[in-house]
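Curious how a protein chain holds itself together? Take a moment to look over the sequence and structure, and then we can work through some questions as a team.

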Amino acid sequence: MSAVPLRNNKAAASTVRSVTVLGATGSIGDSTMDLLRASPERYRVEALTANGNVEALAKLAKEFSARFVAIADTSKLAELKAALAGTSTECGAGESAVIEAGARPADWVMAAVSGAAGLKPALAAVDRGAHVALANKECLVCAGDFFMQRAAKAGACILPADSEHNALFQALASGNRDELVRVIITASGGPFRTWKPADIEQATLEQALKHPNWSMGQKITIDSASMMNKGLEVIEASYLFALAPDEIDVLVHPQSIIHGMVEFSDCSVVAQLGAPDMRTPIAHCLGWPDRIKGPAAKLDLAKIGQLTFEAPDFERFPGLRLAFDALRTGKGATTVYNAANEVAVAAFIAGKIRFGAIARLVEATLDDWIRTGNQAPLTSADDAISVDHVARNRAAALLPQIALKAS
């Protein structure tokens, strides 16, 4: 049984919804806090977390009268306590404190801590049956099977906060599971959509960070340029909605207005449209099962004029092909895909490899993982974190030889 509610049945909302934001100072956290700021009468903040930005975390804690805050960097606990002296906000530091934030009694939790560090705090919220708005890819890419099983067992409601998955979530409400033919995730194509493969190989960091539509953090912008981000979204969609790889398609849509579509057995295709603004899907999750007023720009299709589409090019973007391969392989392969990509992107940012080598390092790490014969179903967060750790080490070991190879 899926923990994602595929039908948006109206239910009475509580007068005040208590909210926790895991990763409150990141880009998703900023958008979430912006929405909370717009409706102070609807929401009360239970807990907030940050990785190391004490100043921003303390400022938010004071503004929203948060009951508990946690900083992941243990060396900054004293600074955080000093910044919140005179308030009633409790403070904590380290992994255990961030997990405690997820475990505190909030009705709704935004899981936006990046990386594998976000898995255990999100599970803490899941295990007590909360509504969890999921913006952390690793929860599903690294641990999708047991994460969704835990959510279903606890009665937690998983609400997809990414624009593409939220679009599918909304569109899926138009039919039943046995009527579904496929879901279609759209992709902008990033800055290199029309580039020749040889030119993509040599792309600079500055060029990779020039996304045509979205304003995002450095890592996700580079992932969008390589379409690794779309590969991660394919994997997430599979786990979120219990879909086979062959039930998922990707369609390049440069305008980023249609975020996702669902095709049903009667050949109807239901799409969700909106201006490219992360506050729209977050607002949908924050208000669910109701809808709240969002601050994003209204969609003006007449002004946009036209919407265009094209098939993804696996020669330009081999990382997308590798995501489907990893999903079909299973047994930790998607965890390896994600970990190797993070190592590769960090190496590209540091100037150690060419842009085109990102996908080659991911492929080499996946091939090595499969050759070792260590694949096994992941049954716990520790299993996923262990595979993640091994994959990162192997990717780092393979990095020098990948860096020497020509395209």
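The questions below go through the core, a sheet, some charged pairs and a surface patch of this predicted model.

Q: Which helix gives the most residues to the largest nonpolar core?
A: Let's start inside. Nonpolar side chains tend to be buried together in soluble globular proteins. Here the largest nonpolar core has 132 residues, and Leu-48, Met-110, Phe-147, Tyr-337 and Phe-355 have the most contacts inside it. The helix that gives the most to this core, with 10 residues, is H16 (residues 333–349).

Q: Which residues of strand E5 point the other way from Trp-108 and Met-110?
A: In a regular strand the side chains alternate between the two faces of the sheet. Strand E5 covers residues 108–111, and Trp-108 and Met-110 point one way. The residues pointing the other way, buried like the first two, are Val-109 and Ala-111.

Q: Which residue in E6 stands opposite Trp-108?
A: Strand E5 has parallel neighbours to look at: four bridges join strand E1 (residues 17–22) to E5, and E5 also pairs in the parallel sense with strand E6 (residues 131–134) over four bridges. On the E1 side, Leu-22 has Ala-111 as its bridge partner. On the E6 side, the residue opposite Trp-108 is His-131.

Q: How many residues apart are Arg-279 and Asp-34?
A: Side chains of opposite charge can pair when their charged atoms come close. The side chains of Arg-279 and Asp-34 meet in a salt bridge, at 2.9 Å from N to O. Arg-279 lies in helix H13 (residues 279–287) and Asp-34 in helix H1 (residues 27–38), so the pair links distant parts of the chain, and the separation is 245 residues.

Q: Is Asp-368 buried or exposed?
A: Asp-368 forms a salt bridge with Arg-371, with the closest N and O atoms 3.6 Å apart. Both are in helix H17 (residues 357–372), and because they are three residues apart, about one helical turn separates them. Arg-371 counts as exposed at 64% relative accessibility. Buried means under 20%, and Asp-368 has 13%, so the answer is buried.

Q: What is the area of the nonpolar surface patch that includes Leu-273?
A: Leu-273 lies in strand E11 (residues 269–273). Patches are made of residues with over 30% relative accessible area, and Leu-273 is partly exposed at 33%. Together with Leu-299, Leu-301 and Ile-304, Leu-273 makes a nonpolar surface patch of about 280 Å².

Conventions: Residues numbered from 1 in each chain as written. Predicted model: local features only at pLDDT ≥ 70, side-chain atom pairs only at ≥ 80, totals over all residues. Heavy atoms only, no water. Patch = residues over 30% accessible without salt bridge, like charges linked within 9 Å, V, L, I, M, F, W, Y side chains within 5 Å. Areas by Shrake-Rupley, 256 points an atom, 1.4 Å probe, with all protein chains shown as cover. Salt bridge = Lys/Arg side-chain N within 4 Å of Asp/Glu carboxyl O. Buried < 20%, exposed > 50% of the residue type's maximum accessible area, 1.4 Å probe, protein only. Core = buried A, V, L, I, M, F, W, Y, C linked by side-chain atoms within 4.5 Å. Pairing = 2+ DSSP bridges.
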